[in-house]
Amino acid sequence: MFQTGSHSSDRDSEIGFRVLPDDVLLVIFGFYRVSSPSFWHRLAHVCQRWRRIVFAFPCSLDLRLYCTPKTPVTNTLDCWPAFPIVVRCGGSPNHKRLSPEEEDNIVAVLKHPNRVGSIELCLSHSLIEKLGTQVEEPFSELEDLVLLSQNSMQLVLPSTFRWGSRLRSLHSTRVTFSLPQLLSSSPNLIELQLHDIPRVGYFSPEALATALSGTPQLQSLSLRFLSPTSRHNHIGVPPPSGERITLPSLTRFKFRGNSNNLDRLAARIDAPCLGDIEIAFFNELTFDGSHFGRFLGRIETQKSHRRADIRTSKRTVSICFTRRGAHPRLKLEISCRRLDRQLSSMAQICNHFPAFLLGVGNLGISTTQPTSGHDGVESEQWLRLLRSFSGAEKVHVAGELVTDIVHALKPANEEPATVLPALRNLHLQEPGPLFAPLRAVVVPFVTSRRLSGCPVTVEYTQRYSKKASADI
């Protein structure tokens, strides 16, 4: 549609657009800008008229200068108007190491902090040293900041690197900085993502909560600690009492770390609109969760879940609470290899859940983790976990351990309906045809429930089969 190149002229442009006024061309340019961030470079070289229109409406066309390590900064900034600057230096931690000249180009761009609106940096020790000595003014116009550590090194951002109140998005990976002080000046922050938080950059949950009190517009919060050692000396320390801060706009929260850190943070915050929650715990002997459970109980949007899904695999166990067709969603995951530890850990966490979560009517169980051979121990752990879901009316069990799970539903020396007392429909799905061990467990279970006055309908489906059979 548009011709580009230095050979174009006013006459070339007027051939196709002589009847179009400036405002119509501006609308056309606006549609064209989605094709490339540097679209306006080509438009400005078509002819003098187009150049005049483009430069007359920098805000409408969102004109920006994109600078990379190879950009000759001095020449670029001198030949264009003072448009906002976008700095792009590596999009992944494995980005190749910059040469000294390329680092100098980046530092030269960052010496214009009143124009830089977006930064994406893959940091190294040498680049951090240059930033600490040559970049001292705060980035007053900065809105988006992404900091990555090259080759997974643990780096500390120099204290001279500061931003202003316009910051809306902050992502960092294996880079630490003075978080409480910097967040206190970020009232417009919408998204905060701190991943692989280094051991040297550990901050207490209480300090984080205090810092977040200055971010009333925060909508998304993601925290991932690098390893269990980030817990340091806070193991077993109860969360201090004190006034909770409210995050009124927070709708999404992700966390990976120790349960004690999460519990301490949950004790200090309220998030009434929080809908999407995803928690991943390290493998621990005991799990703290009382304050996290009460935190969930204060969130109205979490009270509409109707289904819970438990999944076990060779590396993790998870449970996900959902409602049909939409958010909110609550997912918790534990990194653990042994099945008995998986079940024991999840049962510990469920003990802290509010009643409305454990009262879900539809429960799904999917297992790809084979038994470890400790049948008695695992049966007891299944029993502990299943007792938590006393409100489940429908249960769907699939995977390698269908027989073990059904066996746990009928504990010895107990009334048949003590486990899952509300159960009315049990759907079993196995990878192969129905075989004798499963039949030997299901028939006594169904009979005992019928005699106790709590009958259960059992359906069987072979995986990948389109038909179900109730002939058990």
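**Fold, packing and local environments in the predicted model**

Within the protein chain, 72% of the contacts with a separation of 6 or more are accounted for by residues 24 or more positions apart. The structure described here is a predicted model. The protein chain contains 16 helices and 21 strands, and 50% of its 472 residues count as buried. The mean pLDDT of the protein chain is 81, with 79% of the residues scoring at least 70. Among the parts with lower scores are residues 230-236, over which pLDDT stays under 50 and for which the model has 19 contacts beyond four places in sequence. In residues 466-472 pLDDT likewise stays under 50, and the model has 14 contacts beyond four places in sequence for this segment.

Nonpolar packing was examined next. In soluble globular proteins, nonpolar side chains tend to be buried together. The largest nonpolar core of this model comprises 120 residues, of which Ile-119, Leu-121, Leu-123, Phe-253, Phe-389 and Leu-428 touch the most other members. Helix α12 supplies the largest share of this core, with 6 residues. Another core, of 6 residues, lies apart from the largest one and includes Leu-25, Phe-29, Cys-47 and Trp-50. The surroundings of Leu-428 can be described in detail. When neighbours within four places in sequence are left aside, the contacts of Leu-428 comprise Val-397, Val-402, Val-406, Leu-438, Val-442 and Val-458, together with Glu-459, Tyr-460 and Thr-461.

Helix α12 is mostly covered, since 12 of its 12 residues are buried. The buried residues of α12 include Leu-339, Leu-343, Met-346, Ala-347, Ile-349 and Cys-350. Also buried in this helix are Asp-340, Arg-341, Gln-342, Ser-344, Ser-345 and Gln-348. The geometry of α12 was compared with its expected span: at 1.5 Å a residue, its 12 residues should span 16 Å, and the end C-alpha atoms lie 17 Å apart, which agrees.

Aromatic contacts were then considered, and the count comes to 8 aromatic pairs. One of these pairs is formed by Trp-163 and Phe-177, whose ring centres are 6.0 Å apart; because the planes stand at 80°, over the 60-degree limit, the pair is classed as edge-to-face. This pair links distant parts of the chain, with Trp-163 in the loop between β5 (155-156) and β6 (169-173) and Phe-177 in the loop between β7 (175-176) and α8 (179-183), 14 residues apart. Trp-163 has a relative accessible area of 4% and is therefore buried. Phe-177, with a relative accessible area of 13%, is buried as well. An edge-to-face aromatic pair is also formed by Phe-321 and Phe-353, at 5.5 Å centre to centre and 75° between the planes. Here again distant parts of the chain are linked: Phe-321 belongs to strand β15 (residues 316-323), whereas Phe-353 occupies the loop between α12 (339-350) and α13 (355-358), 32 residues apart. Phe-321 and Phe-353 are both buried. In addition, ring pairs join Phe-225, Phe-253 and Phe-255 into a cluster. Phe-253 is also one of the residues that touch the most other members of the largest nonpolar core.

Two further positions illustrate local environments. Thr-173 lies in strand β6. Its relative accessibility is 18%, so Thr-173 counts as buried, the cut-off being 20%. Not counting residues up to four places away in sequence, Thr-173 touches Leu-147, Leu-148 and Ser-149, and also His-195 and Asp-196. Gly-275 is placed in the loop between β12 (269-270) and β13 (276-281). With a relative accessible area of 11%, Gly-275 is buried. Gly-275 and Thr-251 are 24 residues apart in sequence, while their C-alpha atoms are 5.2 Å apart in space. Thr-251 is in contact with Gly-275, as are Thr-301, Gln-302, Pro-328 and Arg-329, with neighbours within four places in sequence left aside.

Finally, the cysteines were inspected. A disulfide is a covalent bond between the sulfur atoms of two cysteines. A search of the whole structure finds 0 disulfides. Cys-67 has a relative accessibility of 1% and therefore counts as buried. Cys-273, by contrast, counts as partly exposed at 40% relative accessibility.

Notes:
Residues are numbered from 1 along each chain as its sequence is written. Side-chain values use heavy atoms; hydrogens and water are left out. A disulfide is a pair of cysteine sulfur atoms within 2.5 Å. Buried means under 20% relative accessible area, exposed over 50%, partly exposed in between (1.4 Å probe, protein chains only). Rings of Phe, Tyr and Trp (its six-membered ring) pair if their centres lie within 6.5 Å; planes under 30 degrees apart count as stacked, over 60 as edge-to-face and the rest as tilted. Helices (H or I, at least four residues) and strands (E, at least two) are DSSP runs, numbered from the N terminus. A nonpolar core is a set of buried Ala, Val, Leu, Ile, Met, Phe, Trp, Tyr and Cys residues joined through side-chain atoms within 4.5 Å. Contact means heavy atoms within 4.5 Å. pLDDT is the predictor's confidence in each residue, from 0 to 100. The expected span of a helix is 1.5 Å times one less than its number of residues.
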